[in-house]
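New to this one? Take a moment with the sequence and the 3D view, and then we'll walk through them together.

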Amino acid sequence: MAYRNVRRIRRLQMSNTRRRLDQQLTAMILARVILFILCLLPYIAQCFYIMNVRNDKNEKLRTAIELLITAINVSISYLNVSGTFYVYLISSARFRRQAKFVLMKKCWKYRRDIPENRRRSSMNNQEALIANSDVNYLDC
């Protein structure tokens with residue numbers, strides 16, 4: 001479906017900017033789908049394995065290996081969610097520009113607006129709190 005949309009975009013008389021943005025969006029979606037499939041394959045393989053293997057409670061080693069593989073699959077599924085940002089960052093110049101704008105202009109604006117003497121005083125207060133603490137962690 002995405003391939004047909006790209007071909008249709010070429011046939012229509014659109015501005016170059018709109019066409020380029022549509023192609024970037026198509027590339028982002030295609031990369032996202034590929035990431036989703038790659039992160040889903042280990043889970044599907046594990047489900048097929050669990051359905052086809054007899055469950056024997058006495059095999060401790062096999063149970064431990066299956067739990068390890070389950071933990072790895074959960075980690076890969078988290079990669080699916082967090083990897084979306086990086087896929088978009090790699091595949092789209094417009095997304096990179098927007099991310100840079102948000103991070104540099106919006107987030108760092110707060111840090112820049114705080115006066116320097118206020119930043120120093122808050123750091124000195126934290127150092128004083130640490131120095132005055134009664135807990136000695138070396139006496140364990």
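Here is a quick tour, from the whole chain down to single residues.

## The big picture

First things first: this is a predicted model. The chain has five helices and zero strands, so-called α-α-α-α-α when you read along the sequence.

Of the chain's 140 residues, 14% count as buried. The accessible surface adds up to about 12,300 Å², and carbon and sulfur atoms account for 62% of that. As for contacts between residues at least 6 apart in sequence, 55% of them join residues at least 24 apart.

## What the record says

The unreviewed UniProt entry carries the annotation "transmembrane region" for residues 21–45 and 65–90. How do those spans look in the model? Residues 21–45 are 100% helix and 0% strand, with end C-alpha atoms 37 Å apart. Residues 65–90 are likewise 100% helix and 0% strand, and there the end C-alpha atoms lie 35 Å apart.

## Helix H2

Helix H2 takes in residues 16–52, which makes 37 residues. Counting 1.5 Å a residue, H2 should span 54 Å, and its end C-alpha atoms are 53 Å apart, so the two figures agree. There is a bend in H2, though: about 30 degrees at Leu40, with a proline, Pro42, following within four residues.

Which residues of H2 are buried? They are Asp22, Gln24, Thr26, Met28, Leu35, Cys39 and Gln46.

## Helix H3

Helix H3 covers residues 60–91. Its 32 residues should span 46 Å at 1.5 Å a residue, and the end C-alpha atoms are 45 Å apart, so here too expectation and model agree. H3 bends by about 40 degrees at Ser82.

The buried residues of H3 are Arg62, Asn73, Asn80, Gly83, Thr84 and Val87, and H2 is part of what covers them. Is Tyr86, which sits in H3, buried or exposed? It has a relative accessible area of 51%, and the cut-off for exposed is over 50%, so Tyr86 counts as exposed. Tyr86 and Arg32 are 54 residues apart along the chain, and their C-alpha atoms are separated by 9.9 Å.

## Where H2 meets the end of H3

Now look at Met28, in helix H2. Buried means under 20% relative accessible area, and Met28 comes in at 11%, so it counts as buried. What does Met28 touch, leaving aside its neighbours within four places in sequence? The answer is Val87, Tyr88, Ser91 and Ser92. Take Ser91: it is 63 residues away from Met28 along the chain, yet the two C-alpha atoms are separated by 5.7 Å.

Ser92 is worth a look as well. You'll find Ser92 in the loop between helix H3 and helix H4, the latter being residues 93–113. Its relative accessibility is 2%, so Ser92 counts as buried. Leaving aside neighbours within four places in sequence, Ser92 is in contact with Gln24 and Met28, both of which are among the buried residues of H2. Ser92 also has a polar partner close by in sequence: a polar atom of the Ser92 side chain lies 3.4 Å from the backbone nitrogen of Arg94.

Technical notes: Residues numbered from 1 in each chain as written. Predicted model: local features only at pLDDT ≥ 70, side-chain atom pairs only at ≥ 80, totals over all residues. Heavy atoms only, no water. Helix = DSSP H or I, 4+ residues; strand = E, 2+ residues; numbered from the N terminus. Expected span 1.5 Å × (residues − 1). Bend = angle between axes of the 7 residues up to and from the residue. Buried < 20%, exposed > 50% of the residue type's maximum accessible area, 1.4 Å probe, protein only. UniProt positions renumbered as here; feature names shortened; annotations may be inferred. Contact = heavy atoms within 4.5 Å. Areas by Shrake-Rupley, 256 points an atom, 1.4 Å probe, with all protein chains shown as cover. Polar contact = N/O pair within 3.5 Å; in protein donor to acceptor, adjacent residues only side chain to side chain.
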